[in-house]
Amino acid sequence: MSDPFQILCLCSQPPDLVTSAFGPFVVQGCASLVDLGEQLNLQAHDAVLVDLALAGGADALGQWPALPRAVLESAVVVIGPEPTPAMCLRLLQAGVREVISSREATPEILGRVLRLAIERKRQDDAARRAYS
């Protein structure tokens with residue numbers, strides 16, 4: 001069995017990913033972006049899951065001082081009420097790996113989305129190391 005993926009989560013209710021076929025996952029909840037930033041300083045996480053409703057919206061997330069570090073060290077996945085193409089592009093340009101709508105944010109889908117975002121991040125990191 002592989003080591004569990006560490007997920008840091010700013011959501012009203014952290015998703016139950018215990019039975020996800022894409023895991024194993026360990027999900028740690030946070031109450032705010034400030035708390036999320038503090039937790040990033042304490043321990044490495046494979047992914048960061050952020051609900052835009054709790055983050056104060058896409059603009060607040062984009063201005064969050066810890067976002068550059070979060071996208072450098074973890075696969076950042078964002079949940080938004082109804083993400084527009086412009087918002088998705090703005091978040092992707094800031095380093096977010098995936099943006100999904102709130103209605104798609106079921107544990108089954110989140111497990112898949114998080115795992116694929118983590119794997120894409122790992123591949124990108126390996127490619128950067130190979131070319132440096």
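# A walk through the predicted structure

Gln 6 touches Val 26, Gln 43, Ala 44, His 45, Asp 46 and Ala 47, leaving aside residues up to four places away in sequence. The model in which these contacts are found is predicted. Gln 6 belongs to strand β1, and its relative accessible area of 22% makes it partly exposed, because buried means under 20% and exposed over 50%. Along the chain, Gln 6 is 119 residues from Asp 125, while the two C-alpha atoms are 17 Å apart in space.

The strand that holds Gln 6 is a useful place to start. Of the 6 residues of β1, 5 are buried, so this strand is largely enclosed by the rest of the structure. Strand β1 is part of an open sheet of 5 strands, which follow the order β2-β1-β3-β4-β5 with parallel pairing. The edges of the sheet are β2 and β5; each has a single partner strand, so one side of each is left without a neighbour in the sheet. On average, neighbouring strands of this sheet are turned by 20 degrees against each other, direction ignored.

Helix α1, residues 33–42, packs on this sheet and touches β1, β2 and β3. The direction of α1 makes about 155 degrees with that of β1.

The pairing can now be followed strand by strand. Strands of a sheet pair through backbone hydrogen bonds, either parallel or antiparallel. Here β1 and β2 run parallel and are joined by 5 bridges. Two residues of that pairing can be picked out: Ile 7 has Val 27 of β2 as a bridge partner, and Leu 8 has Gln 28 of β2. Toward β3, β1 pairs in the parallel sense over 4 bridges, and in this pairing Ile 7 stands opposite Ala 47.

Ala 47 leads on to the next strand, since it also stands opposite Ala 75 in β4. Strands β3 and β4 run parallel and are joined by 5 bridges. Between β4 and β5, which also run parallel, there are 4 bridges, and Ile 79 has Ile 100 as its bridge partner in β5.

How many of the residues of β4 are buried? The count is 6 of 6, and the strand is mostly covered. In a regular strand the side chains alternate between the two faces of the sheet. In β4, Ala 75, Val 77 and Ile 79 point one way, Val 76, Val 78 and Gly 80 point the other way, and all are buried.

Next come the loops that lead into β3 and β4. His 45 is placed in the loop between α1 and β3, and it counts as buried with a relative accessible area of 5%. Its side chain reaches the backbone oxygen of Gln 43 at 2.9 Å. Residues up to four places away in sequence aside, His 45 touches Gln 6, Ile 7, Leu 8, Gln 28, Gln 39, Leu 40, Glu 73 and Ser 74.

Ser 74 lies in the loop between α4 and β4, and at 2% relative accessibility it is buried as well. The side chain of Ser 74 reaches the backbone oxygen of His 45 at 2.7 Å. Among the residues that Ser 74 touches are Leu 40, Asp 46, Val 48 and Lys 121.

Lys 121 belongs to helix α6, where it is one of the buried residues, along with Leu 110, Gly 111, Val 113, Leu 114, Ala 117 and Ile 118. An α-helix has 3.6 residues a turn, so residues three or four places apart point the same way. The cover over the buried residues of α6 includes β1, β2, β3, α4, β4 and β5. Helix α6 spans residues 107–130, which is 24 residues, and reaches 34 Å from its first C-alpha to its last, close to the 34 Å expected at 1.5 Å a residue.

Is Ser 12 buried or exposed? Ser 12, in the loop between β1 and β2, is exposed, with a relative accessible area of 66%. The C-alpha atoms of Ser 12 and Ala 126 are 33 Å apart, and 114 residues separate the two along the chain.

A last point concerns confidence. The average pLDDT of the chain is 91, and 99% of the residues score at least 70. Confidence is highest in β3, at 96, and lowest in α6, at a mean of 91. Where pLDDT is low, the predicted coordinates should not be read in detail.

How values were computed
Residues are numbered from 1 along each chain as its sequence is written. This is a predicted model: local features need pLDDT of at least 70, side-chain atom pairs count only at pLDDT 80 or more; totals for chains, interfaces and linings use all residues. Side-chain values use heavy atoms; hydrogens and water are left out. The expected span of a helix is 1.5 Å times one less than its number of residues. Buried means under 20% relative accessible area, exposed over 50%, partly exposed in between (1.4 Å probe, protein chains only). Contact means heavy atoms within 4.5 Å. Two strands pair if DSSP finds at least two bridges between them. Axes are lines fitted to C-alpha atoms, for helices over the stretch in contact, and angles run from 0 to 180 degrees between N-to-C directions. A polar contact is a pair of N or O atoms within 3.5 Å; within protein, one must be able to donate a hydrogen and the other to accept it, and residues adjacent in sequence count only if both atoms are side-chain atoms. pLDDT is the predictor's confidence in each residue, from 0 to 100.
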